[in-house]
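Colleague: Could you take a close look at one part of this model for a first-year student, namely the charged side chains that pair with each other?

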Amino acid sequence: MKYAQKFAVSIFGAAFIALGTGQIAQAVLLVESESAVVNLDAKKVLFTINFNKVPNFFTVDKFNRQTNSFQYFIDPHGELPIVNASSIYSNFSSIIRGDEIPVAGDVRIRDVFSVGPSEPNSGGWGKIRGSVPYSLDGTVLKFSTPLQLIGDSDGVFSYQLLLTDFGSWNGIINESKSIITSVPEPNLALGALTFAALSVGLRLKRKHK
C-alpha cells in the first residue's frame with residue numbers, strides 16, 4: 001500500500017468513528033498528556049503517554065486488529081507542522097509501532113520507507129531498526145530509546161503521535177517537539193564541588209592572615 005493511500009485509509013477510519021454512537025466515542029483511546037524528554041548525556045529519549053483509560057494492546061478482533069494501539073512518526077529536522085499536502089511522510093526518519101507489541105511484547109522501531117518485500121508484522125513499513133521494552137502503569141505508558149534508533153543525533157526532533165482503535169485512527173493528531181534535559185557527568189559535578197571547596201578554603205585562609 002502506498003503511503004498516501006495509508007493516510008487516506010486512516011482518514012476514512014476516523015470518519016467512521018466520528019459517525020458512531022456517543023458510547024463508541026467515549027470508548028476511543030485518547031491522549032491526556034504526553035512528552036518526549038531527551039537526556040543528551042545518555043543520548044536517550046523517554047517517551048511518556050498518559051491515556052484517558054487503560055489501553056488494551058493485546059486483545060485483537062477477527063481481523064487481527066488490536067483493541068488499542070499507537071504510532072509515533074519521527075522528524076529529525078524538528079519542524080512543525082510535520083504533515084502537509086506536499087510532503088506526507090517525506091521528512092520522517094522512523095516510525096515507533098505499538099502495533100507490534102503483541103508480537104514480542106516490546107515496542108519496535110522501523111524505517112518509514114520499505115525497500116523490497118515487506119517484513120512480517122511490518123504493516124508495510126520499513127525494516128526494523130531495533131526494539132525497546134515498555135512499562136504500563138495504569139493509564140501511563142513509558143519507554144526509552146537511544147536517539148540513534150529513531151534517526152536523530154542532536155536531541156532536537158519533532159514527532160506525530162497517532163492512536164488507533166481496531167486499526168482506525170481516532171481523528172486526533174498530537175504533534176510536538178522533544179524536550180531536552182542535560183544531567184552533569186559525575187566527574188564534572190565532583191570537580192565543581194572540589195573547586196568550590198578550595199575557593200572557600202582560600203578565602204578563609206586569607207581572612208586569618
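Modeller: A good place to begin is Asp111, which counts as buried because its relative accessibility is 17%, where buried means under 20% relative accessible area, exposed over 50% and partly exposed in between, with a 1.4 Å probe and protein chains only. This is a predicted model, in which local features need pLDDT of at least 70 and side-chain atom pairs count only at pLDDT 80 or more, while totals for chains, interfaces and linings use all residues. Residues are numbered from 1 along each chain as its sequence is written, and side-chain values use heavy atoms, with hydrogens and water left out.

Asp111 forms a salt bridge with Arg129, their closest N and O atoms being 2.7 Å apart; a salt bridge here is a side-chain nitrogen of Lys or Arg within 4 Å of a carboxyl oxygen of Asp or Glu. The pair links distant parts of the chain, since Asp111 lies in strand E5 and Arg129 in strand E6 (residues 128-132), 18 residues apart, strands being DSSP runs (E) of at least two residues and helices runs (H or I) of at least four, numbered from the N terminus. Arg129 counts as partly exposed, because its relative accessibility is 31%.

Turning to Glu100, this residue forms a salt bridge with Arg97, with 2.7 Å between the closest N and O atoms, and Arg110 also meets Glu100 in a salt bridge, at 2.7 Å from N to O. Arg97 and Glu100 are both buried, and Arg110 is buried too. A network of salt bridges links Arg97, Asp99, Glu100, Arg108, Arg110 and Glu119.
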